[in-house]
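Trainee: I am new to this structure. Please take one part and walk me through it closely, then show me how the rest fits around it.

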Amino acid sequence: MLPANHRVAEDARQATRHLLDLGHRRLAFVSYAAHSHSPDARVRGFREALEERGIAAKTGPVFSVGVGPEELAAWLQQTVTVRSETSPTAVVAYDDRQALALVKAAQAQGLEIPGDLSVVGFDDIPMASLWEPPLTTIRMPMQEMGSMAFRRLLERIERPDLPPMKMMLPVELVVRGSTAPPR
């Protein structure tokens with residue numbers, strides 16, 4: 001069984017490879033979740049996918065922001081809206097909420113998603129498919145994860161001596177309208 005951080009890194013590699021397969025070569029990773037266990041693993045997976053394609057020298061910016069949209073708007077204004085040779089054409093966001101906030105901020109600045117900037121998130125929250133454009137995301141099997149955790153909890157209540165267990169469930173790349181080849 002793979003360690004949890006390895007699985008999370010593989011999920012980020014999958015999201016990044018999707019953007020690379022579309023032709024993007026200037027990518028950024030945006031994260032606000034310093035309190036979670038997975039940002040470092042997701043950043044690692046993001047960078048590893050770039051290195052696989054020989055983009056190690058330009059691993060792309062890894063931008064950490066607070067939960068507010070102000071930092072996203074400022075980052076977009078400084079790095080994407082200027083449309084320079086170093087501006088990212090695609091972003092892997094820490095999760096769908098961050099990705100949707102990024103899309104909203106980009107659209108408010110006149111950027112077209114995915115024309116000017118492709119965006120990928122994680123989790124496949126219900127709003128992801130309803131957004132305009134619908135968000136490309138890594139779908140996590142949330143119901144199955146909850147069911148398995150509940151069953152394991154009941155087992156441990158009955159048998160407190162059971163050791164902790166890590167389970168890795170498959171994830172799925174869901175391609176929607178927020179990603180396209182770069183212009």
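Mentor: Start with one pair of residues. Phe122 has Ile138 of β5 as its bridge partner. Keep in mind that this is a predicted model.

Now widen the view to the two strands. Four bridges join β4 to strand β5, residues 136-139. The two strands run parallel. On another pairing, β4 meets strand β3, residues 90-93. Three bridges join β3 and β4, and these strands also run parallel. One pair to find there is Val91 with its bridge partner in β4, Val119. Between β3 and β4 the chain passes through helix α4, residues 96-108. This β-α-β crossover is right-handed.

How many of the six residues of strand β4 are buried? Six of the six are, so β4, residues 118-123, is largely enclosed by the rest of the structure.

Next, the nonpolar packing. Val91 and Val119 come up again here. Both belong to the largest nonpolar core, which has 21 residues. They are among the members that touch the most others, together with Trp75, Leu76, Leu102 and Leu117. At least two residues of this core come from each of β1 (27-31), α3 (69-80), β3 and α4. The largest share is from α4, with six residues. A second, separate core has 18 residues, including Ala15, Ala49, Ile55 and Val92. In soluble globular proteins, nonpolar side chains tend to be buried together.

Go back to strand β5 and look at Arg139. Its side chain meets that of Asp124 in a salt bridge, 2.7 Å from N to O. Asp124 lies in the loop between β4 and α5 (126-130), and Arg139 in β5, so the pair ties together parts that are 15 residues apart in sequence. Which of the two is buried, and which is partly exposed? Asp124 counts as buried, because its relative accessibility is 16% and the cut-off is under 20%. Arg139 is partly exposed, with a relative accessible area of 31%.

That is one salt bridge; the whole structure has 12. Look at helices α1 and α2 for others. Glu48 and Arg13 form one, with their closest N and O atoms 2.1 Å apart. Glu48 lies in helix α2 (residues 39-52) and Arg13 in helix α1 (residues 4-21), so this pair ties together parts that are 35 residues apart in sequence. Arg13 counts as buried at 5% relative accessibility. Glu48 counts as partly exposed at 26%. Glu52 and Arg17 also meet in a salt bridge, 2.8 Å from N to O. Glu52 belongs to α2 and Arg17 to α1, so here too the parts tied together are 35 residues apart in sequence. Both count as partly exposed: Glu52 at 45%, Arg17 at 22%. These four residues sit in a network of salt bridges that also takes in Glu10 and Arg44.

Now turn to the surface. Phe150, Leu153, Leu154 and Ile157 make a nonpolar patch of about 400 Å². Leu154 lies in helix α6, residues 142-158. This leucine is partly exposed, with a relative accessible area of 37%.

Last, step back to the whole chain. The protein chain has six helices and six strands. From the N terminus on, the order is α-β-α-β-α-β-α-β-α-β-α-β. Of its 183 residues, 46% count as buried. Strand β4, where we began, has six of its six residues buried.

Note on methods
Residues are numbered from 1 along each chain as its sequence is written. This is a predicted model: local features need pLDDT of at least 70, side-chain atom pairs count only at pLDDT 80 or more; totals for chains, interfaces and linings use all residues. Side-chain values use heavy atoms; hydrogens and water are left out. Patches are made of residues with over 30% relative accessible area and no salt bridge: like charges are joined within 9 Å, nonpolar side chains (Val, Leu, Ile, Met, Phe, Trp, Tyr) within 5 Å. Accessible areas come from the Shrake-Rupley method with a 1.4 Å probe; for residues, only the protein chains shown count as cover. Buried means under 20% relative accessible area, exposed over 50%, partly exposed in between (1.4 Å probe, protein chains only). Two strands pair if DSSP finds at least two bridges between them. A crossover is right-handed if, with the strands pointing away from the viewer, the path from the first strand over the helix to the second runs clockwise. A nonpolar core is a set of buried Ala, Val, Leu, Ile, Met, Phe, Trp, Tyr and Cys residues joined through side-chain atoms within 4.5 Å.
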